[in-house]
Amino acid sequence: MPLIALTGGIASGKSTIARRLAEHGAVVVDADATVRELQQPGTPVTHAIGEAFPGVVAADGGLDRAALGSVVFGDPDALARLNAIVHPAVKQETQRRFAEAFAADPDAVVVYDVPLLAEARGTGEWDLVVVADAPADERAARLVSERGMSEADARARIANQVDDAERRAIADVVIDTSGALEDTIRGADALWAQVTG
């Protein structure tokens, strides 16, 4: 059965779609959760980050994310060094999880919930690329109302990602998430019917 990449900009409704697909029975592999697991205290990834960026590992062995962010934000070379550590480890772990899901159930629908698919130019292995799509103004409003960000911070986060047109360009399916929650749920239900019907 299919291996689906589900992507979208920050506050696009991607997580809502992933949750709905999981309710239908999809196996969801969350890229952000995988990164957090690989960056736990004492892991090889955390050790490598500490070696590459002195001062970003706290006394308890965990990452000081604020310190790391201040080093890499706005510094493309530093960000590239960080990505060279993190991305291969994430790819290896997610590939393992995909294989495990299909070994357990060859008919599984596996969904990779991955925010930065367009940024990584990753379009090769997926049976379907699904994009959660809402205008930047709507996503900024969600970040302010739901996550307590300032308008300026919300706009900066959105501007730091690829634009919506680039995301749509890699999509096989676009789910419009700009309306009511029920509309997004219906879009996810239609996707499920498409991949299992």
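Is Asp 164 buried or exposed? With a relative accessibility of 13%, Asp 164 counts as buried, because the cut-off for that class is under 20%. We will come back to this residue after a look at the whole chain. Please keep in mind along the way that the model is predicted.

Let us start with the overall picture. The chain holds nine helices and five strands. Read from the N terminus, its elements follow the order β-α-β-α-α-α-α-β-β-α-α-α-β-α. The radius of gyration is 18 Å, close to the 16 Å that the globule rule gives for 197 residues, so the chain is as compact as a globular protein of that length. If you turn the model along its principal axes, the C-alpha trace spans about 50 × 45 × 25 Å. Of the 197 residues, 42% count as buried. Contacts also reach across the sequence: among those between residues at least 6 apart, 71% join residues at least 24 apart.

Now find helix H5, which covers residues 76–104. One of its partners is helix H3, made of residues 44–52, and the axes of these two helices are 10 Å apart, at an angle of about 170°. H3 and H5 are therefore roughly antiparallel to each other, since angles over 145 degrees fall in that class. Where they touch, H3 brings Val 45, Ala 48, Ile 49 and Ala 52, while H5 offers Arg 81, Leu 82, Ile 85, Val 86 and Ala 89. Sorted by class, this contact has eight nonpolar residues, no polar ones and one charged residue.

Helix H4, residues 65–72, also packs against H5, with an angle of about 130° and axes 7 Å apart. This angle makes H4 oblique to H5. From H4, the residues Leu 68, Val 71 and Val 72 meet Ala 78, Leu 79 and Leu 82 of H5. The contact of H4 with H5 has six nonpolar residues, with no polar and no charged ones. Leu 82 of H5 is worth a second look, for it is listed in the contact with H3 and also in the contact with H4.

Next, go back to helix H8, residues 164–169, where Arg 167 lies. Asp 164 is found in H8 too. Arg 167 has a relative accessible area of 2%, so it is buried. A polar atom of its side chain lies 3.0 Å from the backbone oxygen of Val 162. Leaving aside neighbours within four places in sequence, Arg 167 is in contact with several residues, among them Thr 7, Gly 8, Gly 9, Ala 118, Glu 119 and Val 131. Asp 164, with such neighbours again left aside, touches Asp 133, Ala 134, Pro 135, Ala 136 and Arg 139. Arg 139 is also among the contacts of Arg 167.

Ala 136 leads us on to helix H7, residues 151–159, where Ala 159 has its place. The C-alpha atoms of Ala 159 and Ala 136 are separated by 9.0 Å, and the two residues are 23 residues apart along the chain. Ala 159 counts as exposed, because its relative accessibility of 64% is over the 50% cut-off.

Our last stop is the loop between strand S1 (3–8) and helix H1 (14–24), where Ala 11 is found. Most residues other than glycine have a negative phi. Ala 11 has a positive phi of about 65°, although it is not a glycine. With a relative accessible area of 13%, Ala 11 is buried.

Notes:
Residues numbered from 1 in each chain as written. Predicted model: local features only at pLDDT ≥ 70, side-chain atom pairs only at ≥ 80, totals over all residues. Heavy atoms only, no water. Helix = DSSP H or I, 4+ residues; strand = E, 2+ residues; numbered from the N terminus. Buried < 20%, exposed > 50% of the residue type's maximum accessible area, 1.4 Å probe, protein only. Polar contact = N/O pair within 3.5 Å; in protein donor to acceptor, adjacent residues only side chain to side chain. Contact = heavy atoms within 4.5 Å. Axes fitted to C-alpha atoms, helices over the stretch in contact; angles between N-to-C directions. Parallel < 35°, antiparallel > 145°, perpendicular 65-115°, else oblique. Nonpolar A, V, L, I, M, F, W, Y, C, P; charged D, E, K, R; others polar. Rg over C-alpha atoms; globule rule 2.2 N^0.38 Å.
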